[in-house]
Amino acid sequence: MIKIKEAVKSFLKKRSKKAVALVTVLMVIALLLVLLIPLLSLSSDTLYRSTADVERSSIIPLAEAGINEVLLNMKGNIDWGTNGNEKILMRFGDQRVSIGGIDEKELPKDDASKSKLSYRQEGFFYITFDPKDPAFTGKKYYSVNYLNRDKTPPATVSWRGKDVSPGTASIVVTAVLGSTVKHIEVLITKAPSGDNMVSGSRGKIEISSNSFVLESLNGTPSVHSNYADTGDAIAIETNSDAQFKINDSGKISAKGSIKINNSSKTNDPFEVGVEKTIPDLELTTLTNKIDFDYTKPIPSGIYVCVGNTLYYNADETADPAQASTWPKSYTSGQTIVDGLTFKYEQNAGKLIGTRNLVVDYKESHEEGKRGNLIIHNATWYMGDDQSWFYFKDKWWGFCDDYLIKPAMAKKSSGSGHSGSGGYGWGSSSSSSSSSSSSSSSSSSSSSSSSSSSSSSSSGGSTSGGGYDNPNPPGAIVSGYTLYLPGNGERIYSDPDAPYLYGNLVIRNGNKVDALGGQGNFYSRGTINLEGGSVSGGGTSKNVALFADGDVNINAKGKSIFKGLVYTYGDFNSVTAENSDFIIQGSIIVAGKDPNSDPNGAVYDKGTLNINKGKGSKGNVNIKFDDSILDILTYNQGGSKYGFVFLSWHEF
């Protein structure tokens, strides 16, 4: 009996030890599982993220390939995409397309829509110009080509519901790689190159002068007219044949006839029967990239300098002769608004702008908010009388030919860049302005392979105290910008009627210049300048005059511009006898197309007149400088068109 009890105890003891061991093993297994599950999850997540990263890094060049193929087609035919049935498709491997909102059964089957490109792994991209494309199961990401102002595409509104401006194209690509979907939308405009017009007009050119000289600082100078209706396209009258000179392998060309000193010219360096592309420069592509402080606009109205006092009246019809009775006035050195100061020096009034300035404009058009700036007896001076250059990560300036401190552009925590193409991008030099440009927008000139035509140099603040680029985003030339907004309204029954809003008018006497310094003058209306001499830019400075309406210049003495004059209206200039009209840069008279003007404006051919009807005793010198047209041109290896990327958006 005792032995049985001992045997039972021994059995139970051994069983207890095995149970403990089993429990211990189970606990260890459970612990290992607890540790293993997160490890497996982490490995799976890492693998997923790695795959996603690879897909994201690969999908961008895949999408770019689709955009480049569209650009190649447009280079060959600028109207490609305007019929609404143009599509480009590339699919490789077993790539699923449904995750991109694409119905595979509705994709085009024709060879013309199939991309000639190949891809080394699975992938897919699709671009369509059909606003009703059935291939999209949800949102239709379609493209719009409105590069040709004379051919309206099937849709002038983008997939976003926003108008596509004439002269531009919105290209949208849908790309899929693995399980990653990417859309890229780019906005482009065409940039002519090769033998396209560098100076001239869509309409007639009439010049009456003592002498005429066409020459160049660089590149090949030309004056061209696309006019081919009644009368001569180009008529230049000088005192004698000997006073008419074309240097530096220049050329005078026209679609119609050319007459020099009452003799028709057709042989080299004259060429008739040719038409050239007028470079497009939309004001919206400039102003929407500039940092304007709209909370501190210049009150619109009339400003009159009498003695050492500047008087202001919001009523634009007020009589300047009664200015001394107006209630609002400024003394020398007084600030009108932040960045705009009135000074009286050397017996003349001067309005000095030291930031990007916008004239107050509201759709209600009440006094002081009509976008018009009318100035009497005062010079508008842009900048702080310095010439800028970039050296050792800083902008430096000259004043009266003496090297001074780093240029007085305000410091910024961001970085600014300036491409050689004339568009700046990055931080503004105005500390009071808030950035409005998208980080995904750019303004670089590009070829069909999306390579930039210009290099960039850093101009942002550094630990060494660098200063921002004084060339603000959207500027044509270095310096600040004065912008006069408006809505394009005018009396359309009268082709000579001025715009109602967004006009710049400077009326000065025989001894007061109209403009000074460097910078950009952008007007939604007309620009009218009158003074003792009417000039812009200087020895090392440039100025840009851009107007949706006409540009009219009336100089008692010389007219000298170093930079770009661009108008969608007419250009008219009158100088006194024996005085000079000099353009060092380029003058482009693009004319007005009713398709791009609200309410169907009267068609304006865009004429270029210098001393028309004066009998002519001045001297006209057009000295072409191709650097001022970097913003408009890009060498495309002899092709007719290049393209400028206005924006790039990924989503």
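This report describes the overall make-up of a predicted model, one of its sheets, one enclosed strand and a surface patch.

**The chain as a whole**

The chain holds two helices and 44 strands. Of its 651 residues, 53% are buried. Among contacts with a separation of 6 or more, 65% are between residues 24 or more positions apart. The accessible surface of the chain is about 28700 Å², and carbon and sulfur atoms contribute 51% of that area.

**Strand β41 and its partners**

Strand β41 covers residues 580-589. Eight of these ten residues are buried, so the strand is largely enclosed by the rest of the structure. In general, strands of a sheet pair through backbone hydrogen bonds, in either a parallel or an antiparallel sense. For β41, the pairings with β6, β39 and β43 are parallel. The table lists these pairings.

| Partner of β41 | Residues of partner | Sense | Bridges |
|---|---|---|---|
| β6 | residues 200-201 | parallel | two bridges |
| β39 | residues 559-567 | parallel | nine bridges |
| β43 | residues 619-625 | parallel | six bridges |

Individual bridge partners place these strands against one another. G200 is matched with I588 in β41, while I560 has I582 of β41 as its bridge partner. On the pairing with β43, D580 is matched with N619 of β43.

**A five-stranded open sheet**

Elsewhere in the chain, five strands form an open sheet with mixed pairing, in the order β19-β20-β21-β24-β33. Its edge strands are β19 (335-337) and β33 (515-517), each of which pairs on one side only. From one strand to the next, the twist averages 30°.

Within this sheet, β20 (residues 340-345) and β21 (residues 348-353) are antiparallel and are joined by six bridges. One of the bridge pairs links T341 to I352 in β21.

**A nonpolar patch and helix α1**

Helix α1 spans residues 2-76, and L26 lies within this helix. L26 also belongs to a nonpolar surface patch of about 640 Å². The other members of the patch are L22, V25, I29, L33, L36 and I37.

**Summary**

The model thus offers three places at which a new reader may begin. These are the largely enclosed strand β41, the open sheet of five strands with its mixed pairing, and the nonpolar surface patch that includes L26.

Technical notes. Residues are numbered from 1 along each chain as its sequence is written. This is a predicted model: local features need pLDDT of at least 70, side-chain atom pairs count only at pLDDT 80 or more; totals for chains, interfaces and linings use all residues. Side-chain values use heavy atoms; hydrogens and water are left out. Patches are made of residues with over 30% relative accessible area and no salt bridge: like charges are joined within 9 Å, nonpolar side chains (Val, Leu, Ile, Met, Phe, Trp, Tyr) within 5 Å. Accessible areas come from the Shrake-Rupley method with a 1.4 Å probe; for residues, only the protein chains shown count as cover. A salt bridge is a side-chain nitrogen of Lys or Arg within 4 Å of a carboxyl oxygen of Asp or Glu. Helices (H or I, at least four residues) and strands (E, at least two) are DSSP runs, numbered from the N terminus. Two strands pair if DSSP finds at least two bridges between them. Axes are lines fitted to C-alpha atoms, for helices over the stretch in contact, and angles run from 0 to 180 degrees between N-to-C directions. Buried means under 20% relative accessible area, exposed over 50%, partly exposed in between (1.4 Å probe, protein chains only). Contact means heavy atoms within 4.5 Å.
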